[in-house]
Amino acid sequence: MHIVYRDKEWFVDQELTVNQMLKYLKLLPESVLVVRNGQLIAEDQKLQPGDEVKIVSVISGG
Amino acid sequence: MRCRRCGNPGAINMRQHKLSLCLDHFPEWFLEQTQRAIKNYRMFAHAERVLVAISGGKDSLALWDVLLKLGYQADGVYIDLGIDHGSSYSARSKDKAAAFAAQHPAARLIVVDILHLYGESIPQVAQRRHRPQRPCSICGLIKRHEMNRVALEGGYDVLATGHNLDDEAATLFGNVLHWQVDYLRHQFPVLPADGQGLARKVKPFCRFYERETAAYTLIRGIDYIEDECPYATGATSLAHKETLNRMEHDSPGAKMHFYTNFLKAKEAGLFAAEETAPELHPCPQCRQPTSAPDLCNFCRLWEEK
Ligand code: SF4
Ligand SMILES: [Zn+2]
Ligand SMILES: [Zn+2]
C-alpha cells in the first residue's frame, strides 16, 4: 500500500490495521484521520497491500 | 467497531462518547449535536441573522455548511489578511471560501480586504510595528474589530465562529497555566451583546473534537485549506493541543471533561464577571467600545502610520 502523510510517503506490502500503522508511524489516533481509497475509516479497519492511504492531520493552530 | 445506528462498519470511533458511527450516520449525528448546542446555550433562533467568521479552514466551512443545512440564515465574512509568505496563504484560503459560497446560492460571502481598506496588509502592519515574525496579536486585534464592525453594520444578530473543543481546551489550558483570571472570566460559548457596540458571539462547535469537525468536512467533501497560516508554526496553542491529545490518548474523555467541567463550574459561579468591570466608552473614531483612553487600539494602529 501507498501511505501519504503531509509531505512524506511510505510503501508497505503487508496487511495491517489502521491502529498498527499509526503506532509504527508514532502518530496519535487523536491527532489524525485515515482515509482509505477516498473513504474515511476507523482505527480497527484492516489495510490491504493495494490500498491508497492518506493520513490527514486534524490539528490546526493560530 | 460498528455504527451504533445501523450496524455497518464505523467510519469514526469517538472513544470519549463510546460511540462509533458510519459515513451516513456521523453527519446526521453532527447536525443534531450542533442544533443541541445552539439550543442549550440559547445561541440564536431561526428568525435571527447569523454572520459566520470564515477562514477557509475546515471548522469555519463546516460550521457554515451545518448552519445552512439546519435552515439558519447564515452569511459568511472573510477577512483578507494579505498573508503571502511565498505560499499565497490568504489568496488560497479566500478561494476556498469563495468556492463554497458559489456552491450555496443561499449563502452570501462578505470579503473585507485589509490592505485595500487600511492601506497595509497584516505582514506590513507587523513590519511597521517591529513584529515581523509574530504578527498574531495585531492580526487578532484587526480580525476581532473588523468582524464586529461587519456584524453591526450589516444588522446581524450574532457572530458565529468555528472554534472546536480542542481550540477551547487549549485556550483554557494556557489561561490556567498562567492563571489569567480575566481571560477565564470571558471564556464561554456565548458572549452576550453589550448594547454599546459589541455583537453577540457564539461558538456552536465548542463541544466537538477537532477530529470530528475534520471528519465532517471530509465526509461532506467540503474543500478547505489544509495548510496552516505560515505564522502559526510554533504557536503555543499547538503545543497545548498536543499535550492534551497525549492525555486524551491515555484516558479517553480527559480533554472533554477538562473543558465541559470548566463550563459547569462557570455556570455555578466560578470566575463570575467582576462587579467593577473596566469602564468602556465608544471610540471617537470607529464607535466600537474600548477601555483605552481616547482612540481604541485598532484605530491607534493606523494613526501611527
Ligand atoms: S496564525 Fe497569526 S497571523 Fe496567522 S491568521 Fe492566525 S493570528 Fe493571524
Ligand atoms: Zn450507520
Ligand atoms: Zn476605534
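# A guided tour of the A–B interface and the salt bridges of chain B

Begin by selecting A:Lys54 and B:Glu226, whose side chains meet in a salt bridge with a nitrogen-to-oxygen distance of 3.2 Å. The model on display is a predicted one.

**First stop: the two ends of the bridge**

The pair crosses between chains: A:Lys54 belongs to strand 7 of chain A, while B:Glu226 sits in the loop between helix 9 (210-220) and helix 10 of chain B. A:Lys54 has a relative accessible area of 36%, so the residue counts as partly exposed. B:Glu226 is likewise partly exposed, because its relative accessibility is 47%.

**Second stop: the interface as a whole**

Next, display chain A and chain B together. How many salt bridges does the rule find across the interface of chain A and chain B? There are three. Polar contacts between chain A and chain B, counted where both residues have pLDDT 80 or more, join 13 residue pairs. To see which parts of chain A are involved, select strand 4 (32-36), strand 5 (39-41) and strand 7 (52-57): each supplies at least two residues of the side of chain A that touches chain B. That side of chain A comprises eleven nonpolar, six polar and four charged residues.

In terms of contact, 21 residues of chain A meet 30 residues of chain B. The area buried between the two chains is about 2100 Å², and carbon and sulfur atoms give 57% of this area. Now select A:Glu30, A:Leu40 and A:Ile59. These residues supply 28% of the area that chain A buries against chain B, more than any other three residues.

**Third stop: B:Glu248**

Keep A:Glu30 in view and add B:Glu248, which is found in helix 10 (residues 236-250) of chain B. Setting aside neighbours within four places in sequence, B:Glu248 is in contact with several residues, including A:Glu30, B:Arg15, B:Gln16 and B:Tyr209.

Which side chain of opposite charge is nearest to B:Glu248? The nearest is B:Lys255, 5.1 Å away. B:Glu248 is buried yet has no salt bridge; the rule requires a nitrogen within 4 Å of a carboxyl oxygen. Backbone atoms, however, do approach this side chain. The backbone nitrogen of B:Lys255 lies 2.9 Å from a polar atom of the B:Glu248 side chain, and the backbone nitrogen of B:Ala254 is 3.2 Å from a polar atom of that side chain.

**Fourth stop: salt bridges within chain B**

Over all chains, the count comes to 21 salt bridges. Two examples within chain B may be selected in turn.

Select B:Glu48 and B:Arg200, which form a salt bridge with their closest N and O atoms 3.0 Å apart. B:Glu48 lies in the loop between helix 1 (25-40) and strand 3 (49-54), and B:Arg200 in strand 8 (residues 200-202), so this pair ties together parts of chain B that are 152 residues apart in sequence. Both B:Glu48 and B:Arg200 are buried.

Then select B:Asp167 and B:Lys241, another salt bridge, in which the closest N and O atoms are 2.7 Å apart. Because B:Asp167 lies in helix 7 (residues 165-177) and B:Lys241 in helix 10, the pair ties together parts of chain B that are 74 residues apart in sequence. B:Asp167 is buried, as is B:Lys241. Extend the selection to B:Lys58, B:Asp59 and B:Glu210: these residues are linked with B:Asp167 and B:Lys241 in a network of salt bridges.

**Fifth stop: B:Ile122**

Move to helix 5 (residues 122-128) of chain B, where B:Ile122 is found. Is B:Ile122 buried or exposed? B:Ile122 counts as buried because its relative accessibility is 0%. Not counting residues up to four places away in sequence, B:Ile122 touches B:Leu81, B:Ile83, B:Pro135, B:Cys139 and B:Ile142. For a sense of distance, select B:His186 as well: this residue is 64 residues from B:Ile122 along the chain, and their C-alpha atoms are separated by 26 Å.

**Last stop: B:Gly269**

Finally, select B:Gly269 in the loop between helix 11 (254-267) and strand 9 (281-282) of chain B. With a relative accessibility of 42%, B:Gly269 counts as partly exposed. Add B:Ser88 and draw a line between the two C-alpha atoms: they are separated by 46 Å, and the residues are 181 apart along the chain.

Note on methods:
Residues are numbered from 1 along each chain as its sequence is written. Chains are lettered from A and ligands numbered from 1 in the order in which they are written. This is a predicted model: local features need pLDDT of at least 70, side-chain atom pairs count only at pLDDT 80 or more; totals for chains, interfaces and linings use all residues. Side-chain values use heavy atoms; hydrogens and water are left out. Contact means heavy atoms within 4.5 Å. Buried area is the accessible area (1.4 Å probe) that two parts lose on being put together, summed over both. A polar contact is a pair of N or O atoms within 3.5 Å; within protein, one must be able to donate a hydrogen and the other to accept it, and residues adjacent in sequence count only if both atoms are side-chain atoms. Helices (H or I, at least four residues) and strands (E, at least two) are DSSP runs, numbered from the N terminus. Ala, Val, Leu, Ile, Met, Phe, Trp, Tyr, Cys and Pro count as nonpolar, Asp, Glu, Lys and Arg as charged, and the others, Gly among them, as polar. Buried means under 20% relative accessible area, exposed over 50%, partly exposed in between (1.4 Å probe, protein chains only). Lys and Arg count as positive and Asp and Glu as negative; His and the chain ends are not counted.
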